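The report below concerns a single protein chain, whose sequence and structure are shown here.

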Amino acid sequence: MKKALFLLLTVFLASIYVFSAVYSLHQVHKSIYYDNKQLSKDYVEWEEVRTNIKDYINVSVVDKISRDKDFEKSGKIGFIVAGLTSKFAEHAVDQYINPEGLSFLIKNSSQRSKIPEPTFGTLIAGVSLLKFDSFNSFHVNLESDGEKIPIHFRRFGVKWKIDQIEFSDNLMSKLIEN
């Protein structure tokens with residue numbers, strides 16, 4: 001009897017754990033589909049995401065510059081330009097990586113029509129997208145232009161929030177080329 005009760009309790013707690021992750025993913029889906037800024041504020045750690053994106057841009061700029069032979073010839077002016085570019089990118093991230101910026105990007109996206117409407121079916125299907133990294137984090141892979149972009153969630157009590165977005169090594173190169 002005690003073993004059955006323990007097993008039942010374990011299954012119940014595991015179900016709540018997984019459902020809380022699926023529910024948070026579904027809330028993010030709803031925030032995007034319905035352009036709900038409040039949901040995105042509740043389920044995205046915007047400060048951490050901004051820091052993550054700034055770090056990615058800075059590393060990409062430094063990497064690109066370090067491989068550029070013309071940069072070596074430019075001397076101090078090159079370092080000033082690199083610093084200004086980095087500051088401009090940080091300012092742009094601060095201005096646009098927030099609920100209002102996400103809303104603007106969604107409204108102007110050509111991919112908007114491809115986002116499925118959030119339903120009970122998409123809620124349940126969310127289980128198949130979860131890839132747990134640890135007890136307190138999981139990620140889902142967003143596919144865009146044939147590339148997978150891992151979106152990381154971290155647990156805050158029973159709620160999960162996006163706290164990091166991984167970008168591919170060549171994403172910055174693609175953005176610079178376009």
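## Packing of helix 1

In this predicted model, the buried residues of helix 1 (buried meaning under 20% relative accessible area with a 1.4 Å probe, protein chains only) pack against helix 2, helix 7 (120–125), strand 1 (131–134), strand 2, strand 3 and strand 4. Helices (H or I, at least four residues) and strands (E, at least two) are DSSP runs, numbered from the N terminus. Among the buried residues of helix 1 are Y17, V22, L25, V28 and S31.

The 32 residues of helix 1 should span 46 Å at 1.5 Å a residue, taken as 1.5 Å times one less than the number of residues, and the end C-alpha atoms are 46 Å apart, which agrees. Just after helix 1, D35 takes a positive phi of about 55°.

## The nonpolar core

The largest nonpolar core (buried Ala, Val, Leu, Ile, Met, Phe, Trp, Tyr and Cys residues joined through side-chain atoms within 4.5 Å) has 27 residues, and F153 and I162 have the most contacts inside it. Elements giving two or more residues to this core include helix 1 (2–33), helix 5 (76–96) and strand 3 (147–156), while helix 3 gives the most, with six residues.

Leaving aside neighbours within four places in sequence, F153 is in contact (heavy atoms within 4.5 Å) with residues including S24, L25, V28, W160 and I162.

## Overall make-up and basis

The protein chain has eight helices and four strands, and buried residues make up 34% of its 178 residues.

Residues are numbered from 1 along each chain as its sequence is written. Local features need pLDDT of at least 70, side-chain atom pairs count only at pLDDT 80 or more, and totals for chains, interfaces and linings use all residues, while side-chain values use heavy atoms, with hydrogens and water left out.

Technical notes
Buried < 20%, exposed > 50% of the residue type's maximum accessible area, 1.4 Å probe, protein only.
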